[in-house]
Amino acid sequence: MAVLSSVLDLVGNTPVVDVSQLSPNPNVRIYAKLESQNPAGSVKDRIAKAMVDEAEADGTLSPGQTVLEPSSGNTGIALAMICQQRGYPLKIVLPENVSTERRQLLEVWGAEIIPSPGAQGSNGAVRLAQELSMEHPEWAFLYQYGNEANPTAHYSTTGPEILDDVPEITHFVAGLGTSGTLMGVGTYLKERKPEVKVMAVEPPSGEIVDGLRSLEDGFIPPVFDKWGGLELLDGKRIVRPIESIEYTRRLATDAGIFAGLSSGAAAAGAVRVAERIPEGEEAHIVFIVSDGGWKYLSTGAWTDDIDDVAARADEIVYF
């Protein structure tokens, strides 16, 4: 293995694992793309690096300039690691009710945390960051929800990796958060294999599945609109909080993959897709494991009563 010049060279080229033991249909294969293997531990490493690279290239970001970003966890953590390596002070607007591990990781990599009301969730963090960016135009506001580098990173890296590793892919499944993964990967796959189905995983409106959002709750990420999300998606699968926990546990027990709660939701969504494949028809479903379970140990997701864990999701932001 080659010696790399920086830990940032480890971003991307994540492995794919066959987890067809989760499939309810013997003719349907299910594959997990392990974005948890990125150096800061999540799929957001890709977009954080892409946003910083692009901002440096177009002059939005100057040496030593302060970076501002709203996050409920993984994007902030990825930016903290990258900004520390490149010498940018970082301010993360963070809901005050995030899990302990999220806050600690941001502090490890030197980010300054600006708390936002926990009851307002990630949408409240976005609103406060937008207000702060207006008050401090000298700060670089990268804004993952509207930054073209978000879906473009997945179009140029994640999508090609998936098609190279699973050329027979028939369905791509991912959680709908900022929508960057769905838009970027989905657009790439459909340009090269128009028959591939792109499926979003959402919680029911008004319910919380960590890391995901329902478009019916009112906030539609700008990149979803810009990349033609309604036309790109072939369907949605609704996953409730308790199902995301059940499949997070199954990923660990059945496949040996220690993943976060949004990954459990994506796995549940992939199983839902598999259940609807017509009898006798083959399919190859790829879903995204967004991050690793080590950021969620304080939630008790693997050890506590499953109903208690689901109930706590209303009070603690885990993703």
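Start by selecting T299, which in this predicted model counts as buried because its relative accessibility is 1%, below the 20% under which a residue is called buried. To place T299 along the chain, look at the loop between β10 (283–289) and α11 (306–312). With the side chain of T299 shown, add the backbone of Y296, whose oxygen lies 2.6 Å from a polar atom of that side chain.

Keep Y296 on screen, now with its ring drawn, and select R102 as well: R102 lies over the face of Y296, at 4.8 Å from the ring centre.

Next, go to Q144, in the loop between β6 (140–141) and α5 (149–165). Is Q144 buried or exposed? Q144 has a relative accessible area of 2% and is therefore buried. A polar atom of the side chain of Q144 is found 3.2 Å from the backbone oxygen of P70, and P70 is also among the residues in contact with Q144 once neighbours within four places in sequence are left aside. Selecting the others in that list brings up K44, I47, M51, E69, S71, T75, N150, T178 and V223.

While this part of the chain is in view, show the rings of F141, Y143 and Y145, which ring pairs link into a cluster.

From there, move on to the aromatic pairs, of which the model has five. In one of them, Y155 with Y188, the ring centres are 5.6 Å apart and the planes stand at 80°, so this pair is edge-to-face. The pair joins distant parts of the chain, since Y155 belongs to helix α5 and Y188 to helix α6 (residues 180–192), with their positions 33 residues apart in the numbering. Colouring the two residues by accessibility sets them apart: Y155 is partly exposed, at a relative accessible area of 23%, whereas Y188, at 12%, counts as buried.

Finally, select helix α4, residues 121–135, which has 15 residues and reaches 22 Å from its first C-alpha to its last, close to the 21 Å expected at 1.5 Å a residue. Which residues of α4 are buried? They are G121, G124, A125, V126, A129, L132 and S133. To see what these buried residues pack against, add the strands β3 (67–70), β4 (90–95), β5 (112–116) and β6 to the selection. The strand β6 in this last view is the one that comes before the loop holding Q144, which offers a way back to the earlier stop.

Definitions and conventions: Residues are numbered from 1 along each chain as its sequence is written. This is a predicted model: local features need pLDDT of at least 70, side-chain atom pairs count only at pLDDT 80 or more; totals for chains, interfaces and linings use all residues. Side-chain values use heavy atoms; hydrogens and water are left out. Helices (H or I, at least four residues) and strands (E, at least two) are DSSP runs, numbered from the N terminus. Buried means under 20% relative accessible area, exposed over 50%, partly exposed in between (1.4 Å probe, protein chains only). A polar contact is a pair of N or O atoms within 3.5 Å; within protein, one must be able to donate a hydrogen and the other to accept it, and residues adjacent in sequence count only if both atoms are side-chain atoms. Contact means heavy atoms within 4.5 Å. The expected span of a helix is 1.5 Å times one less than its number of residues. Rings of Phe, Tyr and Trp (its six-membered ring) pair if their centres lie within 6.5 Å; planes under 30 degrees apart count as stacked, over 60 as edge-to-face and the rest as tilted. A charge sits over a ring if NZ of Lys or CZ of Arg is within 6 Å of the ring centre and within 35 degrees of the ring normal.
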